[in-house]
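This report describes selected features of one protein model. Please keep the sequence and the structure in view while reading.

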Amino acid sequence: MATLPNPLPTLAADPSGRALGLHLPAGALVDTTDEGPWHEPLLWRADERAVPGGWTALEPARRTGLLPVVLDVGDGHGEPDRWELMPGEMSYPGGHDAEEVLAEFWEEYAGDAEAWPGLAGPGPQHHARDQEQDHDQDQDHDQDQDPDAVATRVADSLLADGGPLKAPHLALVPARRSADIPTAIGWTGPANHEGDTARLSAVLRSWEDRFGIRVVALGFDHLLVSVAAPPATLAEAEALAAEHVAFCPATIGPDGDATLRAYAEHRILAQPTWHFWWD
């Protein structure tokens, strides 16, 4: 996988990150993979449980090529050094076409029952609404819908007392873009669905471009993204639901909503987060 230079080795001799212009809390570098130590650190993880505001404190790391993500280490699978990371098995996300990946997954999921409907996109309601806003309203809307600002708000909500994550810890990952974070660390959470996580990152890249998603949280086998521009109508959400089911079939069935329409209405329509999990 093609990567940028990894700034994480600098932290081995400079744990606070001062040489990188950072002020990191106590933490540890992780280089453990399913096949032994990797040749360089895959991520940095904070020692203490994350709290609201912690994501914002890590924002300066972006300029060094490190992206923040929340790791859930309390779901029964422990720390990321026990997650069976396999970076050597991953290809490059940019080498895959998102629609081809989803169409292949859809064929496996739906068989001959229904043809792949194609990629969803923002409906005309979005464009008409944006054209009607004046300059000041446009500026406010753009700020509200900035993907990184939305990711920060979502992260703070996840890290608040009573949030859905059992033991969240902040981490930094060397990655070109948020969608590449799972691939960059060799995450194998979806291994029973897809062994090359770069193919899923290709889909996440497409969702970045179309819906302003950011990868906010990872567990051993689950993934949560923030969404800056979710579908605003049920028709748009239902069109996107097919992509979600192809990406992660468990979204529909005994552990999820029973139909695409129900899933679209409850999990996609105007929702600021999307959550996926694999068996």
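## Surroundings of Arg214

Residues up to four places away in sequence aside, Arg214 touches Pro147, Asp148, Ala151, Ser178, Glu208, Leu224, Val225 and Ser226. The model is a predicted one. Arg214 belongs to strand β7. With a relative accessibility of 17%, Arg214 counts as buried, because the limit for that class is under 20%.

## The sheet

Strand β7 is part of an open sheet of 7 strands, whose order is β1-β4-β6-β5-β7-β8-β9 and whose pairing is mixed. The edges are taken by β1 (27-30) and β9; each has a single partner strand, so one side of each lacks a neighbour in the sheet. On average, and with direction ignored, neighbouring strands of this sheet are turned by 30° against each other.

At one of these edges, β1 and strand β4 (residues 43-46) run antiparallel and are joined by 4 bridges. Ala28 stands opposite Arg45 in β4. In general, the strands of a sheet pair through backbone hydrogen bonds, in either a parallel or an antiparallel manner.

## Helix α8 and the aromatic cluster

Helix α8 (residues 197-211) lies across three strands, namely β7 (213-218), β8 (222-227) and β9, and runs at about 130° to β7.

The count of aromatic pairs in the model comes to 10. For Trp207 and Trp274, the ring centres are 5.5 Å apart and the planes stand at 85°, so this pair is edge-to-face. Trp207 lies in helix α8 and Trp274 in strand β9; the pair therefore ties together parts that are 67 residues apart in sequence. Trp207 is buried, its relative accessible area being 0%, and Trp274 is buried as well, with a value of 1%.

Phe276 and Trp278 form a further aromatic pair, which is tilted, with 6.5 Å from centre to centre and 35° between the planes. Phe276 is buried at a relative accessible area of 0%, and Trp278 counts as buried at 5% relative accessibility. One aromatic cluster is formed by Trp187, Trp207, Phe211, Phe247, Trp274, Phe276 and Trp278.

## Packing of helices α9 and α10

Two packed helices are described by the angle between their axes and by the distance between those axes. For helix α9 (residues 234-247) and helix α10 (residues 260-268), the axes come within 8 Å and cross at roughly 105°. Helix α9 is therefore roughly perpendicular to α10, because angles of 65 to 115 degrees fall in that class.

On the α9 side, the contact is made by Leu234, Ala237, Glu238, Leu240, Ala241, Ala242, His244 and Val245, and on the α10 side by Leu260, Arg261, Tyr263, Ala264, Glu265 and Ile268. Sorted by class, the residues of this contact are 10 nonpolar, 1 polar and 3 charged.

## Burial and end of α10

Which residues of α10 are buried? They are Ala262, Tyr263, Ala264 and Ile268. The elements covering these buried residues include α9 and β9 (273-277). Strand β9 thus appears in several settings: at an edge of the sheet, beneath the span of helix α8 and in the cover of α10.

Just after α10, Ala270 takes a positive phi of about 55°.

Methods
Residues are numbered from 1 along each chain as its sequence is written. This is a predicted model: local features need pLDDT of at least 70, side-chain atom pairs count only at pLDDT 80 or more; totals for chains, interfaces and linings use all residues. Side-chain values use heavy atoms; hydrogens and water are left out. Axes are lines fitted to C-alpha atoms, for helices over the stretch in contact, and angles run from 0 to 180 degrees between N-to-C directions. Helices (H or I, at least four residues) and strands (E, at least two) are DSSP runs, numbered from the N terminus. Angles under 35 degrees count as roughly parallel, over 145 as roughly antiparallel, 65 to 115 as roughly perpendicular and the rest as oblique. Contact means heavy atoms within 4.5 Å. Ala, Val, Leu, Ile, Met, Phe, Trp, Tyr, Cys and Pro count as nonpolar, Asp, Glu, Lys and Arg as charged, and the others, Gly among them, as polar. Buried means under 20% relative accessible area, exposed over 50%, partly exposed in between (1.4 Å probe, protein chains only). Two strands pair if DSSP finds at least two bridges between them. Rings of Phe, Tyr and Trp (its six-membered ring) pair if their centres lie within 6.5 Å; planes under 30 degrees apart count as stacked, over 60 as edge-to-face and the rest as tilted.
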